[in-house]
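Visitor: Before I ask anything, please put the structure up. Then let us go through it part by part.

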Amino acid sequence: MIRIEVPATTANIGPCFDTCGIALNIYNSFSFEYADTLLIEGCDEAYANENNLVFTSYKHVFDYLKLPLRNVHIIIQANVPVSRGLGSSSTCIIGGVLGANALLDYPLSKDEIFMLCTEIEGHPDNIAPALFGGLTASLMTDGKPYNVNYDINKDFKFCACIPNFELKTSLARSVLPKEVTYHDAIYNVSRAAVSLKCWETKDYELLSIALDDTLHQPYRSKLIDEYDEIMELSKKAGAIASFISGAGPTIMTIYDNDDYVDTLKSFVKDLHNTWTIMPLKVELNGALERNGVRYNGR
Ligand code: HSE
């Protein structure tokens with residue numbers, strides 16, 4: 001079987017709303033082989049059908065190449081929490097597209113893979129880091145995505161605070177304003193530009209200032225029960241900075257002290273939601289096919 005591993009991602013990273021993301025070292029894996037009928041294993045019965053996002057993404061490649069669809073056996077091994085702002089849908093899309101590409105003997109270029117995955121997802125800010133690894137910044141113009149990778153110090157320590165409730169991206173987008181002020185735009189553009197250098201230099205002091213945001217967090221934080229408590233407790237445990245991961249509800253924290261994770265775990269026990277505290281590192285290489293083919297375009 002062809003096996004594809006795709007990392008989780010944290011998008012937005014403070015001020016870089018809808019633009020930047022970082023790949024993280026938890027992975028969903030997707031195995032593919034041609035079969036007589038469609039068979040999907042490793043997910044709830046309700047999703048084991050032709051509407052499955054891995055399968056629809058696989059099918060998208062056949063449609064794009066105008067090839068007759070072939071039935072497939074897909075095995076999913078999922079480790080990335082679903083609907084938590086950690087890019088799980090991007091992993092499914094990339095898994096499906098790369099699986100089809102591998103079974104078809106690699107007809108797609110890296111640009112086409114990025115374009116097809118972005119087309120399915122609707123925006124590139126989780127797709128790019130999951131595909132290319134590390135810290136990415138992307139833009140769309142005339143429906144085409146462009147991506148650059150920034151250097152990120154591999155020693156950054158992340159800790160995801162993942163609640164036991166979901167937040168749909170559609171709901172998280174519906175609360176955003178239609179327009180923003182010049183003040184807020186400049187606030188974010190300046191912090192986005194400065195923070196991107198700080199990820200390279202590991203300047204914690206400046207990063208803690210530069211990761212602030214006015215474009216999405218003030219609106220979305222109201223949808224995340226115990227947001228204020230997690231922000232306060234992570235700070236008390238010694239976090240350098242904390243921000244909403246993607247559209248939420250996970251809150252991503254950055255830390256550097258040895259007892260941070262245990263301290264935060266002990267703090268969140270008193271909250272009324274269950275918060276999973278998950279230490280993570282940067283994944284520098286992005287999606288990987290198990291025979292060694294990588295998709296990072298650098
Ligand atoms: N940039 C997107 C958002 C990521 O924040 O809505 C969600 O997939």
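Visitor: What covers the buried residues of α3?

Guide: This is a predicted model. The buried residues of α3 are I113, F114, L116, C117, T118 and E121. Their cover includes helices and strands: α1, α2, α4, β5 (135–141) and β6 (144–150).

Visitor: How far apart are the end C-alpha atoms of α3, and what span should its 12 residues have?

Guide: The helix has 12 residues, and the expected span is 16 Å at 1.5 Å a residue. The model agrees with that, since the end C-alpha atoms are 17 Å apart.

Visitor: Which residue just after α3 takes a positive phi?

Guide: Look just past the end of the helix, where phi is about 95 degrees. The residue there is G122.

Visitor: Which element gives the most to the largest nonpolar core?

Guide: That core has 33 residues, and F32, Y58, I74, I94 and L131 touch the most other members. Elements that each supply at least two residues include β1 (2–11), β2 (20–34), α1 (53–64) and α3 (110–121). The top contributor supplies eight residues: α2.

Visitor: How many residues are in the second, separate core?

Guide: Nonpolar side chains tend to be buried together in soluble globular proteins. Here a second core stands separate from the largest one, with I13, I22, L86 and M252 among its members. Its residue count is 30.

Visitor: Which residue puts an N or O side-chain atom 2.5 Å from a nitrogen atom of the ligand?

Guide: The residues that surround the ligand include N12, F17, D18, H123 and R220. N12 has a polar side-chain atom 2.8 Å from a ligand oxygen. R220 has one 2.7 Å from a ligand oxygen. The contact to a ligand nitrogen atom, at 2.5 Å, comes from D18.

Visitor: How much of the ligand's accessible area does the protein cover?

Guide: Take the ligand on its own, with 260 Å² of accessible area. The share covered by the protein is 94%.

Visitor: Why is K197 classed as partly exposed?

Guide: K197 sits in helix α6 (residues 182–201). Buried means under 20% relative accessible area and exposed means over 50%. K197 is partly exposed because its value falls in between, at 47%.

Visitor: How far apart in space are K197 and D151?

Guide: In sequence, 46 residues separate K197 and D151. In space, C-alpha to C-alpha, the distance is 8.3 Å.

Key. Residues numbered from 1 in each chain as written. Predicted model: local features only at pLDDT ≥ 70, side-chain atom pairs only at ≥ 80, totals over all residues. Heavy atoms only, no water. Core = buried A, V, L, I, M, F, W, Y, C linked by side-chain atoms within 4.5 Å. Buried < 20%, exposed > 50% of the residue type's maximum accessible area, 1.4 Å probe, protein only. Helix = DSSP H or I, 4+ residues; strand = E, 2+ residues; numbered from the N terminus. Expected span 1.5 Å × (residues − 1). Contact = heavy atoms within 4.5 Å. Near = heavy atom within 4 Å. Polar contact = N/O pair within 3.5 Å; in protein donor to acceptor, adjacent residues only side chain to side chain. Areas by Shrake-Rupley, 256 points an atom, 1.4 Å probe, with all protein chains shown as cover.
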